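Hello,

Here is the structure I promised to pass on. My notes on it follow below.

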Amino acid sequence: MNNKRNLYNKVKPIINILVVIFRIFPKFLLQFFWDMSKPYSQLPFILLRYLILKVRAKTCEDNVVIGTNVTIKGWNFLELGSNVSIHDNCYIDAGGEISIGSNVSIAHNSTLLSGTHTYLDKKRPIKYNDIIKNGLEIRDDVWIGCGVRVLSGITIHERVIVAAGAVVNRNLESCYIYGGVPVKQLKKI
């Protein structure tokens, strides 16, 4: 892990220059580059995704690694701290605002949602009812296991582990391991 941070610190001045250049590109071109780089795991493509994230996200700090085939919606409402890794095949819908703290790892095939459909207007199909944007906050030092679904309106507090396959439908207190469908507290850490 320290080797990756050391490498990042060595190339940070170059990254800062590239970010300035990438800010010139229109959003549609940045999206095109993102989509073209999605299937590739080599370092140049990881760097390309990071540069795009630095330009498009509301905030994106240092040393953020995005795996292959990650889908992000609502770029302008996504905040990322430092030392964040989002692994392959994750889906992030930040339209209702998502804040991810520092030292967070989100394993492959996980989903983060910041909104939910309503169903109160009986004259329209549910899929055309309004969407409530509740936001989502993941604080520092969190590990989200593979295949986890985090629903909108949730806060995951500091130093939490969420076991693989869990569905997070309530706030999670600090210093615990959680798991299950729906999620429940399993063990203190």
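Helices (H or I, at least four residues) and strands (E, at least two) are DSSP runs, numbered from the N terminus. Residues are numbered from 1 along each chain as its sequence is written. The model is predicted, so local features need pLDDT of at least 70, side-chain atom pairs count only at pLDDT 80 or more, totals for chains, interfaces and linings use all residues, and side-chain values use heavy atoms, with hydrogens and water left out.

Let me start with the surface. Helix 1 (residues 2-22) gives three residues to a nonpolar patch, the most of any contributor. The patch consists of Leu7, Val11, Ile14 and Leu43, with about 350 Å² of accessible area together. Patch members have over 30% relative accessible area and no salt bridge (a side-chain nitrogen of Lys or Arg within 4 Å of a carboxyl oxygen of Asp or Glu), and nonpolar side chains are joined within 5 Å. Areas are Shrake-Rupley values with a 1.4 Å probe. Leu43 lies in helix 3 and, at 57% relative accessibility, counts as exposed (over 50%; buried is under 20%).

Now the inside. The largest nonpolar core (buried nonpolar residues joined through side-chain atoms within 4.5 Å) has 47 residues. Its largest share, six residues, comes from helix 3 (residues 43-56).

Finally, the sheet. Seven strands form an open sheet in the order 2-5-8-13-16-18-19, with mixed pairing (at least two DSSP bridges per pair). Strand 2 (64-66) and strand 19 (184-188) are at the edges with a single partner strand each, so one side of each lacks a neighbour in the sheet. Strands 13 (residues 142-144) and 16 (residues 160-162) run parallel, joined by three bridges; Val142 is partnered with Val160.

Best wishes

Methods
Buried means under 20% relative accessible area, exposed over 50%, partly exposed in between (1.4 Å probe, protein chains only). Patches are made of residues with over 30% relative accessible area and no salt bridge: like charges are joined within 9 Å, nonpolar side chains (Val, Leu, Ile, Met, Phe, Trp, Tyr) within 5 Å.
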